Amino acid sequence: MTASSDLDALLAFLPCATPKGWITAALSQQSLLLVDHANCEKKAAATAMSLLHRHTDQPELMNKMSRLAREELRHFEQVLSLMRKRDIDYIQVTASRYAGALHALVRKRDPERLVDTLLLGALIEARSCERFAAIAPHLDAELSKFYFSLLKSESRHFLDYLTLAKSIASVDEVDERLGLFRDCEKELIESEDQELRFHSGVPAAA
Ligand SMILES: [Fe+2]
Ligand SMILES: [Fe+2]
């Protein structure tokens with residue numbers, strides 16, 4: 001698959017595009033966005049590590065999650081270094097409503113919990129990738145180059161999660177759960193949100 005067909009598959013997977021209002025607000029609060037981005041990379045690594053701990057009977061999953069965790073931590077280091085270069089303090093930033101609302105839909109017991117966690121992983125990676133692509137053309141050269149460089153690995157993470165989910169769940173189960181997650185994600189992305197974060201909705205009018 002080429003990079004652009006990867007991106008096409010990922011855009012087709014998402015329920016909606018990032019609203020213009022989010023892009024405008026994000027461009028005006030780039031320091032905050034970078035801090036939240038650093039947090040997202042840490043959380044992505046932690047999710048992969050948690051799957052790695054929980055599913056020691058699945059070699060392919062462990063291998064993919066181990067690689068993924070390393071890549072997310074590498075991204076974290078890259079964001080940190082950009083923040084240092086720009087004198088941006090790593091302030092405490094609360095998590096957005098996005099991941100919490102989606103994770104509340106995850107079923108409580110395995111193997112259902114694993115299927116849902118993998119499908120959500122695919123959705124969150126796809127949205128991150130779509131947002132990097134949406135904002136990158138508007139940023140300064142250094143940040144734009146960095147965000148474009150992330151597209152490739154984030155679209156691979158999306159495919160890794162989706163492939164793993166499809167390997168353990170039936171087509172019907174994947175369709176049904178994805179339908180539910182997509183509806184919730186669309187609402188979170190398109191409805192008004194009080195806080196600007198990497199995965200926030202449309203910024204509320206001041
Ligand atoms: Fe990442
Ligand atoms: Fe990722």
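Mentor: Let's start with a term: buried means under 20% relative accessible area, exposed over 50%, and partly exposed in between, with a 1.4 Å probe and protein chains only. This is a predicted model, where local features need pLDDT of at least 70 and side-chain atom pairs count only at pLDDT 80 or more. Residues are numbered from 1 along each chain, and side-chain values use heavy atoms.

Trainee: Okay, why is E41 called buried?

Mentor: E41 has a relative accessible area of 3%, and the cut-off is under 20%, so E41 counts as buried. E72, with 1%, is buried too.

Trainee: What makes E41 a donor of the iron ion (ligand 1)?

Mentor: Donors are N, O and S atoms within 2.8 Å of the metal (3.2 Å for Na, K and Ca); water is not among the atoms, so sites may look incomplete. The OE of E41 is listed with E72 (OE), H75 (ND1) and E154 (OE), lying 2.0 to 2.3 Å from the iron ion (ligand 1).

Trainee: And why is that site called irregular?

Mentor: Four donors are tetrahedral if all angles lie between 85 and 135 degrees; four are square planar and six octahedral if opposite donors are over 155 degrees apart and all others between 65 and 115; anything else is irregular. Here the four donor atoms give angles of 88 to 140°, so the upper end breaks the tetrahedral range and no pair is over 155 degrees apart.

Trainee: Which residue coordinates both iron ions?

Mentor: E72 does, and the two ions are 3.6 Å apart.

Conventions: Chains lettered and ligands numbered in written order.
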